[in-house]
Amino acid sequence: MFHKEGYKIISVTLVLFLGINVASYVAIQNNEWQIAVFVLTLAFLILILQFFRNPKRKTNINDNTVVAPVDGKVVVIEEVFEKEHFNDKRLQVSVFMSPINVHVTRHPINGEVIFSKYHPGKYLVAWHPKASEENERTTVVVKNNLIEVLYRQIAGALAKRIVNYATEGEKVTQGSDSGFIKFGSRVDVFLPLGTELNVTLNQKVKGGESVIANL
């Protein structure tokens, strides 16, 4: 139900929730104040639990499709020059995640990880035009017999940690766990020009389930 990246934070939050409410019960004689403390701490606990939730996703594994790597809203569809790996023009599809989205990153295709690199950087808001080049980020490229897909996890103003599990030479399955971004951000996907897209701007997608492109 919950992602492993949240186990420590969830445990600490539970301890704080119990400790604060026990202290409130002992130290505060006013019932209304006790209820207020309980409601506030419960709301914070629920926020933490929902952020680290990891719902099971049923991926229809298909070599002829590219699935969304994360939950969120499609905010960019454009041709760009990708200079880190391909050094040519690519079709970029960007998905923005709000703090209430599931933040698990999933592999968009089957194949082999041929490139995986972490870049330290800034924490500009995720929709900033320079975020994909200046923010903290990780770049992963997966290749199979049909396509080579690059996807980039990008930290935002609230996201202070990117977790990337992809290692070069690893064989991965479409829809499987590739990483985690803590507290909101975005993921850019770079596809060959001419790829048939299955999404439009402002469309909401689900990681591991929504097909963003057909090959």
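Visitor: In what order do the eight strands of the open sheet lie, and is the pairing parallel or antiparallel?

Guide: Reading a sheet begins with finding which strands are neighbours. In this predicted model, the order is β9-β5-β6-β7-β11-β3-β2-β13, and the pairing is antiparallel. The sheet is open, and its edge strands are β9 (171-172) and β13 (204-205), each of which pairs on one side only.

Visitor: How many bridges join strand β6 to strand β7?

Guide: Strand β6 (residues 137-143) and strand β7 (residues 148-155) run antiparallel and are joined by seven bridges. To follow the register, one can start from valine 141, which stands opposite leucine 150 in β7.

Visitor: Turning to helix α1, which of its residues are buried, and where do they lie around the axis?

Guide: A helix can be read first along its axis and then around it. Along the axis, α1 has 21 residues and reaches 30 Å from its first C-alpha to its last, close to the 30 Å expected at 1.5 Å a residue. Its buried residues are Ile10, Thr13, Phe17, Asn21 and Ser24, and because they cover an arc of only 65 degrees around the axis, they lie on the same side of α1. On the other side, Lys8, Val15, Leu18, Val22, Val26 and Ala27 are exposed.

Visitor: Why does valine 12 count as partly exposed?

Guide: Valine 12, found in helix α1 (residues 7-27), has 44% relative accessibility, and partly exposed covers what lies between the buried cut-off of under 20% and the exposed cut-off of over 50%. Together with Leu16 and Ile20, Val12 makes a nonpolar surface patch of about 250 Å².

Definitions and conventions. Residues are numbered from 1 along each chain as its sequence is written. This is a predicted model: local features need pLDDT of at least 70, side-chain atom pairs count only at pLDDT 80 or more; totals for chains, interfaces and linings use all residues. Side-chain values use heavy atoms; hydrogens and water are left out. Patches are made of residues with over 30% relative accessible area and no salt bridge: like charges are joined within 9 Å, nonpolar side chains (Val, Leu, Ile, Met, Phe, Trp, Tyr) within 5 Å. Accessible areas come from the Shrake-Rupley method with a 1.4 Å probe; for residues, only the protein chains shown count as cover. A salt bridge is a side-chain nitrogen of Lys or Arg within 4 Å of a carboxyl oxygen of Asp or Glu. Helices (H or I, at least four residues) and strands (E, at least two) are DSSP runs, numbered from the N terminus. Buried means under 20% relative accessible area, exposed over 50%, partly exposed in between (1.4 Å probe, protein chains only). Two strands pair if DSSP finds at least two bridges between them. The expected span of a helix is 1.5 Å times one less than its number of residues. The arc is that of the directions from the helix axis to the C-beta atoms.
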